[in-house]
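Reader: Please take a close look at how the helices pack in this model. Then follow the chain into the loops and the unusual backbone spots.

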Amino acid sequence: MRDPLNKTIVNIQPSGIRKFFDIVSEMKDAISLGVGEPDFDTPWHIRDEGIYSLEKGRTHYTSNSGLKDLKVEIDRYLTRRYGLSYDPDDEIIVTVGGSEAIDIAMRAMLDPGDEVLIPQPSYVSYLPCAVLANGTPVVIELKAENQFRLTAEELEAAITPKTKLLVLPFPNNPTGAVMEREDLEKIAKVIIEHDIFVLSDEIYSELTYLENHVSIASIPGMKERTLVINGFSKSYAMTGWRLGYVCGPKVIIKQMLKIHQYAIMCAPSTSQYAAVAALRDGDADVTSMREEYNGRRRYLLHRFEEMGLECFEPFGAFYVFPCIKEFGMTSEEFATELLNSQKLAVVPGTAFGDCGEGFIRISYAYSLKNLKIAMDRMEAFITELRAGK
C-alpha cells in the first residue's frame, strides 16, 4: 500500500509539554505544574456577554476578519495600553487563538528557503510552524546570564542574506523573561539595517511584574515591519474560548486573511461577543489576576532560595525556569524521576528547544495551596538527590 503520509508532518515531533500532563491525568494524587493555563474562571461579566449573545441568537458567521465592534475595541485597547493604533478594517484579523495567527503569518510571508530566526527556549509552535510554511528555522540560543533576553549581538550574528523573519517571543514562555524598551531599541536597529520582519508574540503582555510591557511595534520604524500577535487566553482566563488576534501592515494582513478565509472562515461568534466585553470592562480583572500571579511568583522564588535551587528572577508570564544542572541529570530524567518519586509534574526545559537542557519549567498558574504542596514535594526530592551524591 502506498504511504499516505506527508513526510514533513511525520518528522515533526509532538509537543513535549503534553507528555507529562497526560501521565499525570491518570496518576492518583499527582500535582501538575506543567500546563500554562490560568486557574481562574473567565470573569462573570465576560461569560454573561457570551451567554447573552447565545440567547439573542447571535450564532451566525461574522466577517472573515472578525466583528467590527471587536476590532475597534482591539485598536482602542492597543492604543490605551501600548501606544499602538491599527485600522480595524485592514490591519486586524481576529483568529482562533494566537496559535492560528502564528501559523497564517508564517504561511503568508515565507517562501521556500526563507530563514526564520527563533530565539529559544521558547513556545513550542514557532519551529514547526516555520517548517510547515516551507521556511528554514534558525535557532538563536538565549542565555541565562543575559536573563534569557535576546541581545543585538546575538541577533546580528544569526542574520544571513536568507533571513526574512524574526520571532520575538516576549514575555517569554517558558523562561518568564521580558524585553525592556532599551533592549528593543537595540535590536530594532539591527532589524531595520538588515530589512527583516518581526513576528512579535505578545500573548503575555499584560503579565509583567517590573515594568509595563513595551511592544517592539511602538519603536520608531518598526510598526511597518512587525506583526503583533495577542489574544484573550492568558490575560482574561479565556483559554477555552479560543480567541486571538493579529495586527500589522495591510499588505501582509491581506494575504493572511486569504488563508484564514479558506481554513477557518471566522473565529467563533460567541467568543467574539464575549471578547468585546473583556476589552471594554476587563481591566480590573486583569489587574486582580496579575497581582495574584505576582504573589505566587514571589513565593516560588522564595522557596527556591530556601532550597538553594538556582533560578533567575523572571518578570513576565506565569513561569519560572529553575536550573537543575547541579544534579547531573538531563531535564527529561529529572522531570521523570520527580514525577515517579513525588507525583509532581513539571516540564523538561528541552521541550522548548535543546538549549533548555539543564532547566525545568514550572507554571504558577495554579493556586497557592497547590504550589505550597508542590514545593514541599520538590524540596523533599532535591534533598534526597543531594544526600545521594
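Author: What follows covers helix packing, then one strand residue, then the loops.

This is a predicted model, in which local features need pLDDT of at least 70, side-chain atom pairs count only at pLDDT 80 or more, and totals for chains, interfaces and linings use all residues. Residues are numbered from 1 along each chain as its sequence is written, and side-chain values use heavy atoms, with hydrogens and water left out.

Some conventions come before the helices. Helices (H or I, at least four residues) and strands (E, at least two) are DSSP runs, numbered from the N terminus. Two packed helices are described by the angle between their axes and the distance between the axes. Axes are lines fitted to C-alpha atoms, for helices over the stretch in contact, and angles run from 0 to 180 degrees between N-to-C directions.

Start with helix H10, residues 269-281. Helix H4, residues 68-82, packs on H10 with axes that come within 9 Å and cross at roughly 25°. H4 and H10 are therefore roughly parallel (angles under 35 degrees; over 145 is roughly antiparallel, 65 to 115 roughly perpendicular, the rest oblique). The crossing of H4 and H10 is left-handed (the near helix is turned anticlockwise from the far one by less than a right angle; clockwise is right-handed). On the H4 side, the contact (heavy atoms within 4.5 Å) uses Asp69, Leu70, Glu73, Ile74, Tyr77 and Arg80. H10 supplies Gln272, Ala275, Val276, Leu279 and Arg280. By class, this H4 contact with H10 holds 6 nonpolar, 1 polar and 4 charged residues. Here Ala, Val, Leu, Ile, Met, Phe, Trp, Tyr, Cys and Pro count as nonpolar, Asp, Glu, Lys and Arg as charged, and the others, Gly among them, as polar.

H10 also meets helix H3, residues 44-55. Their axes come within 8 Å and cross at roughly 145°. H3 and H10 cross in a right-handed sense. H3 contributes His45, Ile46, Glu49, Gly50, Ser53 and Leu54. From H10 come Thr270, Tyr273, Ala274, Ala277, Ala278 and Asp281. The contact of H3 with H10 has 6 nonpolar, 4 polar and 2 charged residues.

Next comes another helix pair. Helix H5 (residues 97-109) and helix H9 (residues 250-263) have axes that come within 9 Å and cross at roughly 115°. That makes H5 roughly perpendicular to H9. The crossing of H5 and H9 is right-handed. From H5, the contact takes Glu100, Ala101, Ile104, Ala105, Arg107, Ala108 and Met109. H9 brings Ile252, Gln255, Met256, Ile259 and His260. The residues between H5 and H9 divide into 8 nonpolar, 2 polar and 2 charged.

Now a strand residue. Thr226 sits in strand E7, residues 226-231. Thr226 has 0% relative accessibility and so counts as buried (under 20% relative accessible area; exposed is over 50%, partly exposed in between, with a 1.4 Å probe and protein chains only). Leaving out residues up to four places away in sequence, Thr226 touches Val198, Ser200, Ile216, Ala217, Cys247, Gly248 and Pro249. The Thr226 side chain also reaches the backbone oxygen of Met222 at 2.7 Å.

Asp87 lies 139 residues from Thr226 in sequence and 15 Å away in space, C-alpha to C-alpha. Asp87 belongs to the loop between H4 and strand E2 (92-95). With a relative accessible area of 31%, Asp87 is partly exposed. The side chain of Asp87 reaches the backbone nitrogen of Asp89 at 2.8 Å.

Cis peptide bonds come next. The bond from Gln120 to Pro121 is cis, with omega near 10°. Pro121 is in the loop between strand E3 (115-120) and helix H6 (126-132). The bond from Phe170 to Pro171 is cis, with omega near -10°. Pro171 falls in the loop between strand E5 (163-168) and helix H8 (181-194).

Last, positive phi. Gln147 is not a glycine, yet has a positive phi of about 55°. Gln147 lies in the loop between strand E4 (136-141) and helix H7 (152-158). Gln147 is partly exposed, at 33% relative accessibility. Lys343 is not a glycine either, and has a positive phi of about 55°. Lys343 is placed in the loop between helix H12 (331-342) and strand E10 (344-345). Lys343 counts as partly exposed at 33% relative accessibility.

Methods: Polar contact = N/O pair within 3.5 Å; in protein donor to acceptor, adjacent residues only side chain to side chain.
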